[in-house]
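Me: I've got a structure open and would like to talk through how its inside is packed. Can we take it one question at a time?

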Amino acid sequence: MARRHSRHCDVHAWYAGDDLRSGRDRFEAAYLAAEAAGDGPAMAVAALGLAGLWIHDHRGFTAGTSIEVRLRRALSAVDPGSPLALRLRVRLAAESDYRSGEHQAVLAVLQEARAYGDCAALAEAAGLAHQCLLGPGHAPLRHELARELLAAGFQTSCRSDLLMGLLWRTVGHILDAHPHTERSLAELRAQLEHEDHQAIGFVLQAIDVMLAIRAGRLGEAEARAAACAERGRLVGDADATSWYGGQMVAIRWYQGRMAELVPLLAEVAASPDLSAVDNSYLAALAVAAAEAGEHRQAAGALARLRRSGLASLPRSSTWLATMFGVVEAANLLHDAETAAAAYELLMPYAHLPLVASLGVTCFGSAQHALGVAALTTGDPQRAIEHLKLAVRGNLAMGHWPAAVLSRVRWAQALMLRARTGDAAEAGRQLEVAACEAAGLGMTVPGERELHAAIMNAVPQAQRPLIECRREGRWWRVGLGARSVDVKHSLGMEYLAVLLANPRYEVPAIELAAGPVPSQEAVAAAGITQPTLDETAVRAYRERLSQLQEEIDDHEAAHDTVRAEQLRVERDWLLEGLASATGLDGRIRSFTGNEERARISVGKAIRRAIERIASADAILGGELHVTIHTGRLCRYQPR
């Protein structure tokens, strides 16, 4: 038994300490030498090593057939009742099941391994069977196999078996959104820090890319993805390119830049190096082409996926990601029939995250895809139910970019349903999404159009007003939950007066005079106008009273920094009032030129709005619509 364990560990040792490409070369040479010598057991060990750690490690029809031929030759050259024969049958069953998207044959041979009593054969069978069960719906069985592989690993004393057991346990937790995923990852990391394993270390590095995407660190994720792909190529992993492509699809999706990937996706989708059961690239191509406006190409890709019916697509490790792409492409193409078909297939897996392969990329909760499918079929009520759950699920797994998009879709569904209060709730969800997106460097799709629709649907009395207040050398401009800080300028000063007096027309000549009339304005000929009208003065005085209360509160709380900031604003207002009113409190007048004031004030306000728009497109867009300049200026809320 010890010798059998040793041979089993020798195969794994090559892949643990050496790269996969070198291991394949060594086993290739060993197989040819054993075949020439007629050494059946040596042929079997070499054929098993040549097959690799992963199922379907040799891509393309020719390479895959060559491996299968060698495994069968080795099987015919060993004792049918030997552990080596059992391991060969396990491998052949696993390769066949994987290509067909099935798992019955490998599970049947796994039962043989359990009954046989050989720990090495059992460990190999459990690990290979797990790879055939990476599609949705196999959580209990995957968990059982991971435990079995770990137990067998302790008996074989083979470190690779133990690491594989930990890896499959961790991957299973990621696929199921298990609350203890972080614990499994920490345990696997600790083992690899003690002693690296080339193949498993590459998988863990790919998982770290996915976690960076979930955290919204998209720039970092892109750099990590490139480094991971380079390691995969050096190691010789067959999935290095496809995993990198999938990670870039996720990054570009959340950046709103999918259209850039059309050429790459078209190339990879046709590559013979892609896994035989991976349809995710075709689905991603449909989405990217639709985003790019290439509707014919998008519809063609979607039609290829539906050729034999969506239900016929193998439930592989990339099936959920494929269905996500199908749903998003159907939405962009207004294909309600495809969306309805995808909805029915996805519904049993609503509780799962849309994870691809061994946890290398994730598109959030499956509830999101169900919600988008419901939107496409014109069922806003059902969409709202799914998207609310999607937000909750995305927050639970810490997928912040996915939570942003789920909130946006939720807002869309509310606007489509259009019940009393729906527009206000849609506005709240869009505001939260926009604030989160700004922090993540994301672009919210269709944000301007959706915001405008929400504002128009909310009763006028309930619509929030744009607010503006000075904080030292900065102005804070806000609308609901969103706000930006803009440096002080003359245009911001004019804008603040208008925003403080909604719906009230303020002559441009009053704004041009400002709190302190310029020497040029005083010297110029023109009509006499008050620098601030009574309404503006009242607003200034009310703000002064409010500022004093806030200063007192912050000083009582020993918040000296905030108190000082408020004192700066108070002093500025006091200076403005002192210069705009006489000693007896009467409003002072100025002389000026109306036409020059109209031009200069308009330019200054437009420059201020452009600066705000560069920081927040929605706030800038709202100001563009609601601020009117001319001889008379006003803030006219929607």
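Me: Which residues touch the most other members of the largest nonpolar core?
Reply: Keep in mind that this is a predicted model. The largest nonpolar core has 136 residues. Those touching the most other members are Trp 54, Trp 168, Tyr 254, Leu 265 and Phe 363.

Me: And which helix gives that core its largest share?
Reply: The largest share amounts to 11 residues. They come from the helix covering residues 198-214, which is H11.

Me: Take Trp 168, then: leaving aside neighbours within four places in sequence, what is it in contact with?
Reply: Trp 168 is one of the residues that touch the most other members of the largest core. Leaving aside those sequence neighbours, its contacts include Gly 127, His 130, Gln 131 and Leu 134. The rest of the list is Trp 54, Ala 146, Leu 149 and Leu 358.

Me: How many residues are in the second, separate core?
Reply: Met 492, Val 601, Ile 612 and Leu 619 are among its members. The size of this second core is 30 residues.

Me: Back to the rings. Are the planes of Trp 319 and Tyr 349 stacked or edge-to-face?
Reply: A search of the whole structure turns up 5 aromatic pairs. For Trp 319 and Tyr 349, the ring centres are 5.6 Å apart and the planes meet at 80°. Planes over 60 degrees apart count as edge-to-face, so this pair is edge-to-face.

Me: How far apart in sequence are the parts that this pair ties together?
Reply: Trp 319 belongs to helix H17, while Tyr 349 is in the loop between helix H18 and strand E1. Both Trp 319 and Tyr 349 are buried. The pair therefore ties together parts separated in sequence by 30 residues.

Me: What about Phe 324 and Phe 363, stacked or edge-to-face?
Reply: Here the ring centres are 4.8 Å apart, with the planes at 20°. Planes under 30 degrees apart count as stacked, so Phe 324 and Phe 363 are stacked.

Me: Which residues do ring pairs link into a cluster?
Reply: Phe 324 and Phe 363 are both buried. Ring pairs link these two into a cluster with one further residue, Trp 253.

Me: Which charged end sits over the ring of Trp 319?
Reply: The charged end in question is 4.4 Å from the ring's centre. It belongs to Arg 315.

Me: Last one: how many of the 14 residues of H17 are buried?
Reply: H17 should span 20 Å, and its end C-alpha atoms are indeed 20 Å apart. The helix is largely enclosed by the rest of the structure, because its buried residues number 13 of the 14.

Methods
Residues numbered from 1 in each chain as written. Predicted model: local features only at pLDDT ≥ 70, side-chain atom pairs only at ≥ 80, totals over all residues. Heavy atoms only, no water. Phe/Tyr/Trp six-rings, centres within 6.5 Å; stacked < 30°, edge-to-face > 60°. Helix = DSSP H or I, 4+ residues; strand = E, 2+ residues; numbered from the N terminus. Buried < 20%, exposed > 50% of the residue type's maximum accessible area, 1.4 Å probe, protein only. Lys NZ or Arg CZ within 6 Å of the ring centre and 35° of its normal. Expected span 1.5 Å × (residues − 1). Core = buried A, V, L, I, M, F, W, Y, C linked by side-chain atoms within 4.5 Å. Contact = heavy atoms within 4.5 Å.
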